[in-house]
Amino acid sequence: MLFFNIVGIVERTNGHTIMYRIAALLLLFLSWPLSAQTIKIDNLRLWAAPDHIRLVFDTSASVEHSLFSLKTPDRLVIDIKKSKLSGKMPQVGSGNPLVSRIRSANRKGGDLRVVLDLKRPVKPKSFVLRPNRKYGNRLVVDLYDAKAKSIGKAARPVKVSRVVQRSAPRELVIAIDAGHGGEDPGARGKAGTREKTVVLAIARKLAALVQKEIGMRPVLIRKGDYYLGLRKRMKLARRQKADMFISIHADAFRDRRVRGSSVYTLSQRGASSEAARWLAVQENSADLIGGVKLEDKDDILASVLLDLSQSATLQASHNLASSVFRQLKKLGKTHKHKVQQAGFVVLKSPDVPSILVETAFISNPSEERKLRSSKYQQKMARAIMKGIRGHFRSNAPPGTILAERAPRKHVISSGETLGRIARQYQVKVRDLRSANGLSGDQIRIGQVLRIPKT
Ligand SMILES: [Zn+2]
């Protein structure tokens, strides 16, 4: 199933790149005498993620570049061949942990030199991205703190089993993932609302609600306006030992009339419908926008192997999805009448039940207005919270505070008496009666009794 998805995406991507290649070739032909001309650097964007800084240069064509570092003071020099800055250098905020200033100068021979004045030594990583649906050619430079351990190295190999036996009951960890971010804005409404912005607002509100909940702790996967790879989102959740993963998105469609919310789980055999497949390509292609897709092959191999052990997680995911979907139905219109399934990469954690909520259609003008309103965002967060609560009421994993608090139940079978049941659970018959509103000793086979706490 994973192969299906990957192949599907690669094919489509290749479709795009082939088209772009043809277009690029045509352009090359048409502009051949001009090809020696200077490449324009139209814009430079700066995104601050918790573990790295990303610089994105918009370039009028694919560029050749080189990087080198200088010491005392620390600087990083980026030389871009045959190019000229036509836009402005962004201002670096004083809060930036790595960069203090960006300067640029034109060099002899027509190259552009960009110098980053650094607050500390960095490990740079750079690559060029070809045009896609949203952007043109780009040069991306990622700066990692040279002294900090990189995320990739710090991540331990994927562990499927997890220790559940602990002395004190633990909190449930709810990973909340706001889709897209940074260089990847996600879908866009007619009034200019960006998916990445509204979903982060909803995620933050949901995190605040989870924080108030007894026996639960939120983990915000994306905390600001920066891009995170889909697999990295999963890694972050797993590292926090998340009990569930909720990815929050807003939908878009060509037809602006389409509206309503949807809840997705990972499909067992890739996408379950053509529309779901289309959407899966949309959401998964975020990795093509944000960076190099699926560069970590070990990860893919691990997922393929672990797919085999996913069915228990899928069952839990489906249960959670249904519980959330019931609440969304109460909130307003839903797009489909039941939980949908698709091959979203972000849902592929083998041991963390995961769902993806498309809160509303940002392409629908009235839903776009709603998504912008803080009141609606709060309503949406509350509905998802109720769904989470509903799921865990009957599915709290052993060893959690919620499991300890959950009332125990006993189904009466033939030959049992109240006295025997009371002895079995070490409770008083009196307490058993009052917990179940019984006045005498009459019980019947199949009756469900609540067992009070001792
Ligand atoms: Zn999305």
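Strand 13 (residues 262-266) and strand 14 run parallel and are joined by three bridges. Thr-265 stands opposite Gln-341 of strand 14. Strands here are DSSP runs of E with at least two residues, helices are runs of H or I with at least four, and both are numbered from the N terminus. Two strands count as paired if DSSP finds at least two bridges between them. The model is predicted: local features need pLDDT of at least 70, side-chain atom pairs count only at pLDDT 80 or more, and totals for chains, interfaces and linings use all residues. Residues are numbered from 1 along each chain as its sequence is written.

The pair of strands 13 and 14 belongs to an open sheet of six strands, in the order 11-10-12-15-13-14, with mixed pairing. Strand 11 and strand 14 (340-342) stand at the edges with a single partner strand each, so one side of each has no neighbour in the sheet. Neighbouring strands of this sheet are turned by 30 degrees against each other on average, direction ignored. Axes are lines fitted to C-alpha atoms, for helices over the stretch in contact, and angles between N-to-C directions run from 0 to 180 degrees.

Helix 3 packs on this sheet and touches strands 10, 11, 12 and 15. Its direction makes about 145 degrees with that of strand 12. Contact means that two C-beta atoms, placed from the backbone, lie within 7 Å. Helix 9 lies across strand 12 and strand 15, at about 115 degrees to strand 15.

Helix 3 (residues 195-212) has 18 residues. The helix reaches 26 Å from its first C-alpha to its last, close to the 26 Å expected at 1.5 Å a residue. The expected span is 1.5 Å times one less than the number of residues. Buried residues of helix 3 include Val-198, Val-199, Ile-202, Leu-206 and Leu-209, as well as the charged-type names Glu-195, Lys-196 and Lys-205. A residue is buried if 20 or more other C-beta atoms lie within 10 Å of its own, exposed if 12 or fewer, and partly exposed in between, with C-beta atoms placed from the backbone. The cover over the buried residues of helix 3 includes strand 10 (172-178), strand 12 (244-251), helix 9 (365-372) and helix 10 (374-395).

The largest nonpolar core has 79 residues. Such a core is a set of buried Ala, Val, Leu, Ile, Met, Phe, Trp, Tyr and Cys residues joined through C-beta atoms within 7 Å. Ile-174, Leu-206, Ile-246 and Ile-384 touch the most other members. Helix 3 gives the largest share of this core, nine residues. Domain 2 (38-151) and domain 3 (170-395) both contribute residues, so the core lies between them. The domain bounds come from an automatic or database domain assignment. Leaving aside residues up to four places away in sequence, Ile-174 touches Val-210, Met-216, Ile-246 and Ile-388, among others.

Further pairing involves strands 3, 4 and 7. Strand 3 (residues 65-70) and strand 4 pair in the antiparallel sense over six bridges, with Leu-67 opposite Ile-78. Four residues lie between the two strands of this hairpin, where Thr-72 takes a positive phi near 30 degrees. Strand 4 also pairs with strand 7 (residues 112-118), again antiparallel over six bridges. Leu-116 of strand 7 is the bridge partner of Leu-76. Side chains alternate along strand 4 (residues 75-80). Leu-76, Ile-78 and Ile-80 point to one face and are buried, while Arg-75, Val-77 and Asp-79 point to the other and are not.

Strand 9 (residues 137-145) pairs with strand 2 (residues 52-59) in the antiparallel sense over eight bridges. Thr-59 has Asn-137 as its bridge partner. Strand 8 (residues 122-129) and strand 9 are also antiparallel, over eight bridges, and Leu-129 stands opposite Arg-138.

Overall, the chain has 13 helices and 17 strands. Buried residues make up 35% of its 454 residues.
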